[in-house]
Amino acid sequence: MTKTGTLLTQHPTDQPSTSRHAIVIGAGLAGATTARALAEQHWTVTVLDPQGIAAGASGNLAGVVYSTASPHLTPQNRFYQTSYRHALRWLHHYGFPSSDQDGQLNGVIQHFVNDKQRDKFTAAMDSGAWPADLLRPALAGNGVELVGGGYLRPDRWCRHLLNHPAITLLDDSVTSLQEGSPASVTLDKGTRLHANAVIVCAAGASQQLPGLGWLPLKHIRGQVSYCQATEASRQWQQAQCHGGYLTPALDDLHCVGATFNLHDSQPAPTDADDADNLAQLKHYLPGHWQALGGEAIIIQDRRVAFRCQSLDFVPLCGPLPVATDNPHRAATGLYLNLAHGSRGITGTPLCADLLASKITGQPLPVDAQLVDALDPSRFIVRKRKRQPEWKP
Ligand SMILES: Cc1cc2nc3c(=O)[nH]c(=O)nc-3n(C[C@H](O)[C@H](O)[C@H](O)COP(=O)(O)OP(=O)(O)OC[C@H]3O[C@@H](n4cnc5c(N)ncnc54)[C@H](O)[C@@H]3O)c2cc1C
């Protein structure tokens, strides 16, 4: 076994050491939470990621812990609320952030960007669907406060979760999956690793694995601008959401974000996207824009990443469906935890606990309606309604 949080270049063993061994593909928020949930159930876990911890969408300097409120408790909206509560429980349980260098859970201010949003949030509060311990009117301005939310460094949160004696991190890329008891993965070096459960947490790149090209995923480019703090802005304590978001300073930098481009696969940052981020800040929060320097705001750095979104805005979390006449037939030992969209910090702990409970045979943390809403086979069922012969 290895010291956790460091990358091994050689495999301690190609065979599982116990009958409770899992392989997690990807070391972002989905992979780190899944690995930790399984380790807490006394499984040994091997996490595979050639890029190391949080190199994809989970690697921004800061992210906001927040959700969207609605008076309509559809499965989608129930997932947003339940996962928000669950994420706050995880963060408190695991003691993160432990210092304001890693973030704070001191509430998020959501400024209303239009009447429709104001009406939706107000109805969510008035109907009781979102109780006052989660959502209340903001003290100042035209908005609400998401109680207990905040901002944090997602890469450090991932590292914190992976720092467990039962978790080993390897810098390998997975090239294919094989179902079975045990299931297995093939690595780019040709080696095969076996495990009782394999969980794919590789976000949009999962589609490149053989047999997973059918996954209904959208890739949405986002650029975040890291702006130099000023004397005035260093006093800010709470994350502010509008059309985008603004976080308090970390390393003397504020995250101003983020762009949202569906049909753009350009990995390099652009000046135009920085300009869009600042224009949005100026439009919705002119006082903050001014305090940050106005036209003289200094952008010290920026980062591009790709969100992975499902077609119905709910993650894919559950057994991997396979090509048979039965859309509910799942591949033995293979699971997905993907498509956390713009809310990966919020959504991943609940999905991790759901998968770990399924895999280890523990009671599930959500009801059957939410299990179905998250089940990847829902897309096959829907597609079959339109095209009865279709198979993944
Ligand atoms: C600009 C931007 C701003 C955002 N802001 C917020 C925010 O404020 N709050 C919030 O909650 N969310 C935010 N998000 C969304 C959040 O970042 C994502 O939902 C989350 O990071 C998804 O985590 P993940 O683990 O699924 O994917 P990723 O973090 O992308 O991780 C996938 C990992 O899989 C690995 N991988 C890929 N292929 C393979 C393979 N074949 N073998 C092994 N490993 C592989 C990759 O190297 C990568 O590390 C933002 C996203 C963007 C782009």
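How many Å separate the centres of domain 1 and domain 2, taken over C-alpha atoms? The answer is 30 Å, and before I go on I should say that this is a predicted model, in which local features need pLDDT of at least 70 and side-chain atom pairs count only at pLDDT 80 or more, while totals for chains, interfaces and linings use all residues. Residues are numbered from 1 along each chain as its sequence is written.

The two domains, whose bounds come from an automatic or database domain assignment, are domain 1 (1-61 + 153-216 + 312-392) and domain 2 (104-144 + 218-310). Where they meet, 19 residues of domain 1 are in contact with 13 residues of domain 2, contact meaning that the C-beta atoms, placed from the backbone, lie within 7 Å.

Let me turn to the ligand, which has 38 residues around it, with Gly 26, Gly 28, Gly 56, Gly 222 and Gly 344 coming nearest; a residue counts as near if its C-beta atom, placed from the backbone, lies within 6 Å. Among the elements that give two or more residues to this shell are helix H1 (29-40) and helix H7 (344-360), helices being DSSP runs of H or I with at least four residues and strands being E runs of at least two, numbered from the N terminus. Domain 1 and domain 2 each supply at least three residues to the shell.

Finally, there is an open sheet of six strands with mixed pairing, in the order E9-E2-E1-E13-E20-E19, where two strands pair if DSSP finds at least two bridges between them. Within this sheet, strands E13 and E20 run parallel and are joined by three bridges, and Val 198 has Leu 334 in E20 as its bridge partner.

Methods: Two residues are in contact if their C-beta atoms, placed from the backbone, lie within 7 Å.
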